[in-house]
Amino acid sequence: MRSRETAGKAPRRGLFSWKRFTAIVKKEFIQVRRDRISMMMPIMMPIVMMFLFGYAVNTEVDQVPTAVLDLNRTAESRAFIEHFSASGYFRIDGYVGNEQEIQDAVNADVIKVGLIIPADFDRKIQRGEVVAPQLIVDGTDPTTARTAFNSGMLVSEMATRELLNERLSRMGGLALKSPSVRVTAKIWFNPEMQSVRFTIPALIGLILQNITLMLTAFALVREKERSTIEQLIVTPIRSFELIMGKLIPYVAIGYLGFLFALSICMFWFGIPVAGSLPLLLSIGFLFVLCSLAMGMLISTFARTQLQAMMAMVFVLLPSILLSGFIFPREAMPPFIAAIGYAIPLTYFLEILRGIVLKGVGMQFLWKNTLMLGGFTLVILSLAILRFRKSLD
Amino acid sequence: MNVDAKPAVYGTNVQYAIEVDHLTKRFGTFTAVDDISFQIPKGCIFGFLGPNGSGKSTTIRMLCGVLHPSSGIAHIMGHDVVKETEIVRQSLGYMSQRFSLYEDLTVDENLDFYAGVYGLSKEVRNRRKEDLILMANLEGKEKKLAGTLSGGWKQRLALGCALIHKPELLILDEPTAGVDPVSRRVFWEIIHALSRQGITILVTTHYMDEAESCDLVSFILDGRIIDHDTPQNLIAGEAGARNLEDVFIHRVEQVTGRAVSGTFKEMRFIHEK
């Protein structure tokens, strides 16, 4: 080693070097390839999350376990009970002899609903009087309680009207008229109101964010933990080259996860993309970049992978709760809902549901796309700036 | 203290590899490096000695252009470390005590990566790799993951990575910490061989036997350089000093005003007194 080949022709400061950049990309790809967990992530995460959320998170309540206390025991009361079990919302699990038994069954969590039919049920129907059967609902779980309550009221109203009509027509009188104003309701985009159609497309966004965020956050922190960063910062490498070079493999992996999750949504859950697939794929790419930038930003703060993990919880939890992923943003107090606007996933979810379910195009989504692009730019610049500082 | 040490052996017309002029680094109210100045001639092995926390690493980080000095100037191979950081970085190789290798990359891939980072062409890279693998006794281990190598091999691979771009100045931060005695000898043989090829070497170490084989040493204490001379002159100039370790301990005692146990043999009986 006698000659001084390189010393004279050192690159000038501030010049982007393609050689340095590709050296980093190459190294990252090798490292990712050797890391089994990183390689499994884009496959396992969509499978596990999609099946968990696709089947476990179901806000449609039916077949609520119900006990009946029939104090009347007539043809009328039996017809009334029949309406409940035929509605599909209630499953009559048994008959009890007194109110205490209903109470006990609710306490033991055996039933959620108790139906009490008063002793004078048939007489009041025959006289055309107001009848007052009682519906007891276990309100512990508000979702179940609300559905049971609403459908109970509806079923009971319809059943009593039918019984009254029957009696009136039997007596040769006129059937009771239905109210003259009648709303005809039509539900668009998800006519059967399946919660799967609401959850699964949104899950694509959440999965995409999780994969990319995790992998990128760890990528840089790992260099700090193993102190290889010390070696890197004394080389002529520029922070822009380092960050961009490290991002490339994770763009690929994150996008792979996105494609895989989208395929599960389309082919397993049978939710087709109503709108433009190319549009979805391009905005999806933008969101990968955005999540990467967030991961990068986390890694400039965290010194260990444990710290990065904890920081990630602070990103992931609000993005599950506040983005409108499961809980409707309309129901949130304005202040909390406003926080949701600071989360990129909120915008991407609207885009996802817009394209997949509504089939709308850019003319309705440009605002959200613009916001997403803005977030990406701001977070990425912040990450690069902070990273440059953290090297000092 | 400002010592202009230029041992006679190097002559007077030699250009300096490192020139440090009134360099100071403050972190808030704490002064880590306090107005130090020294010059290191080219081709010299320079031992930078001092207790932990004395300002060695801070000085090194400023020389590498990683930390900005609060005041003062430093030149590496005639280039200002603040204004010409990129050129300075290209002309120096650095190896930290933790052998910052990528343990999930092979020997080959580690060398390839640093070659790429320094912008070497494929031909140059392959030629150098051959040389370095020979130098580090890593033949036959090219395809092994760096993480599976034992201490001495890791250390020499890290040295190889630091040398891939043929730096004119090699900075070694405690390169032999945690390495067995045989690997330590092998490593210093390589250091002396590199020095004979004209590479200037700055090395920090706590092993005084290593330091005695340097051409020039500096003692740094509390951010100040309190000695800067050849090891021979330092030992000769210190009354009752048998070796550099004695000099080092005397200096620390003088500055801190606290006595340090004389030898390790005496310590054996401390509890029985």
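Is Thr346(A) buried or exposed, and what is its relative accessible area? In this predicted model, Thr346(A) is buried, with a relative accessible area of 2%; buried denotes under 20% relative accessible area, exposed over 50%, and partly exposed the range in between, evaluated with a 1.4 Å probe on protein chains only. Thr346(A) belongs to helix α13 of chain A, which covers residues 344-358. Helices (H or I, at least four residues) and strands (E, at least two) are DSSP runs, numbered from the N terminus. With residues up to four places away in sequence left out, Thr346(A) touches Leu322(A), Ser323(A), Arg329(A) and Gly340(A), contact being defined as heavy atoms within 4.5 Å.

Because the model is predicted, local features need pLDDT of at least 70 and side-chain atom pairs count only at pLDDT 80 or more, whereas totals for chains, interfaces and linings use all residues. Residues are numbered from 1 along each chain as its sequence is written, chains are lettered from A and ligands numbered from 1 in the order in which they are written, and side-chain values use heavy atoms, with hydrogens and water left out.

Chain A contains 14 helices and four strands. Of its 392 residues, 48% count as buried. Among the contacts in chain A with a separation of 6 or more, 79% join residues 24 or more positions apart. The exposed area of chain A is about 20300 Å², with 64% supplied by carbon and sulfur atoms; accessible areas come from the Shrake-Rupley method with a 1.4 Å probe, and for residues only the protein chains shown count as cover.

A second position in chain A, Gln126(A), is found in helix α5 (residues 121-127). Gln126(A) counts as partly exposed, at 37% relative accessibility. Beyond its neighbours within four places in sequence, Gln126(A) is in contact with Glu76(A) and Arg167(A). Gln126(A) and Leu164(A) are separated by 38 residues in sequence, and their C-alpha atoms are 7.5 Å apart in space.

The interface between the two chains was examined next. The size of an interface is often given as the accessible area lost when the parts come together. Here, the area buried between chain B and chain A is about 3800 Å², and carbon and sulfur atoms give 55% of it; buried area is the accessible area (1.4 Å probe) that two parts lose on being put together, summed over both. Glu86(B), Tyr102(B) and Lys166(B) supply 18% of the area that chain B buries against chain A, more than any other three residues. The contact involves 42 residues from chain B and 34 residues from chain A.

Two salt bridges are counted between the chains, each requiring a side-chain nitrogen of Lys or Arg within 4 Å of a carboxyl oxygen of Asp or Glu. One salt bridge joins the side chains of Arg34(A) and Glu109(B), at 2.9 Å from N to O. On the side of chain B that touches chain A, α2 (85-91), β6 (92-95), α3 (107-117) and α4 (122-135) each supply at least two residues.

Two residues of chain B have positive phi values without being glycine. His22(B), in strand β1 (residues 16-27), has a phi near 50 degrees and is partly exposed, with a relative accessible area of 38%. Asp222(B) has a phi of about 50 degrees and lies in the loop between β9 (216-221) and β10 (224-229). At 53% relative accessibility, Asp222(B) counts as exposed.
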